[in-house]
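Q: Please take a close look at one part of this model. I should like a connected account of its setting and its contacts.

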Amino acid sequence: RDRSPSRGLGDVYKRQSQAIAPERIASREVIQAQGPLGQVREVDLVRMAPSPSNPGGRRPGEGGTWFLDAARLLAVPPDPDKAAQEALRGSSHGLGQVIGVAVDRMAPSDTLLVGLSRAAVHDGGAGLLDGMGGLRAALGLVAGRELVLALADDAPLGGMNGAGQALTALSDLSAQQAQDLDRRACARARRILVELAAPRVGALPVIATPERTGPAVSVTARGTGAAGGAALVLRALGARALPGPRLMAQLVDLASAARRAELIITTAGEVYDVLADSLTAVVGSVATELALPAVLVAGRAAVPRAELA
């Protein structure tokens, strides 16, 4: 019942860390955390071996790079009924927990890459903030840290093409239920943004400044819908967001691997066009640069022949 383009991406992105070659890994730790409905789930925290390229944006020698395979924690269940339960009652609390553990392992100069994708959970990032210990604790946790979100897609939290509207494709929720959930999630996210932006003398500093966060983050901004809105809260706390396929291509050193190949094969759940920075586009561009043939295997493909070429 693969009824959404994002389901295919979610299946890929919940196993991101397994694609990294062993020689690129300095250490790997399995972290147990709370899943959307309180069940125990595991995610990988990988410390990358030194490399000339640094996808986190820092120059070589300015700190190490870590990768947290957080998409596995909130991966969309294949059963639409279970996905509906996660949407109605689920929380991103465990995501806040694992980010806290990961930051605790890092040196101050290190960079943490957090892999995130679409989720059935839709709590506007409120659970994430709670899992990080609340607003004040979250601010202290990320202060001076370099966090980069590797996003599987760039859907906003709310809006006509937002993560909330996609819930009917991922689950058995009715359109009315999805709309009500989306309205509540966006309201929670807006309250969090207001709290983060408000000056509190002797308590919370003002962090929503152009120097720290760049353009203002809103519930309809691109790339804020991952993990039920957790991406929005993390960006408001100072994290940067980059296209996941391009970031992962650097982590797994796709260009070097392609130079040793005669054929490149990639997959997707459903493909209707080739969007910039999508997995299909990133793999295709590597193949094109090396004049290699590329094969796309998809559950459903309706890409115009000219665009696919």
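A: Arg246 is partly exposed, because its relative accessible area is 37%; partly exposed lies between buried (under 20% relative accessible area) and exposed (over 50%), with a 1.4 Å probe and protein chains only. The model is predicted: local features need pLDDT of at least 70 and side-chain atom pairs count only at pLDDT 80 or more, whereas totals for chains, interfaces and linings use all residues. Residues are numbered from 1 along each chain as its sequence is written, and side-chain values use heavy atoms, with hydrogens and water left out.

Arg246 is joined to Asp277 by a salt bridge, with 2.3 Å between the closest N and O atoms. This pair connects distant parts of the chain, since Arg246 belongs to helix α10 and Asp277 to the loop between β7 and α12, 31 residues apart. A salt bridge here is a side-chain nitrogen of Lys or Arg within 4 Å of a carboxyl oxygen of Asp or Glu. Helices (H or I, at least four residues) and strands (E, at least two) are DSSP runs, numbered from the N terminus. Asp277 is also partly exposed, because its relative accessibility is 29%.

Asp277 has a further neighbour in Pro243, a residue of strand β6. Beyond residues up to four places away in sequence, Pro243 touches Leu151 and Asp277, contact being heavy atoms within 4.5 Å. The C-alpha atoms of Pro243 and Asp277 are 6.2 Å apart, although 34 residues separate the two along the chain. Pro243 counts as partly exposed because its relative accessibility is 29%.

Helix α10 (residues 244-251) lies across β2, β3, β4, β5 (146-151) and β6, and runs at about 80 degrees to β6. Such angles, from 0 to 180 degrees, are taken between the N-to-C directions of axes fitted to C-alpha atoms, for helices over the stretch in contact. The sheet beneath this description is open and mixed in its pairing, with six strands in the order β1-β2-β3-β4-β5-β6. Its edge strands, β1 (25-34) and β6 (240-243), each pair on one side only. From one strand to the next, the twist averages 25 degrees. Two strands pair if DSSP finds at least two bridges between them.

On the other side of the Asp277 loop comes helix α12 (residues 279-289), in which Thr280, Ala281, Val282, Val283, Val286 and Ala287 are buried. These buried residues pack against α10, α11 (254-259), β7 and β8 (294-301). Ala291, which follows α12, has a positive phi near 55 degrees. In β7 (residues 264-271) one finds Ile265, which counts as exposed because its relative accessibility is 56%.

The Arg246 pair may be set beside another salt bridge, among the ten that the structure holds. Side chains of opposite charge can pair when their charged atoms come close. Arg222 and Asp154 meet through their side chains at 2.4 Å, N to O. Arg222 lies in the loop between α8 (210-213) and α9 (230-236) and Asp154 in the loop between β5 and α6 (167-170), so this pair ties together parts 68 residues apart in sequence. Arg222 is exposed at 63% relative accessible area, whereas Asp154 is partly exposed at 38%.
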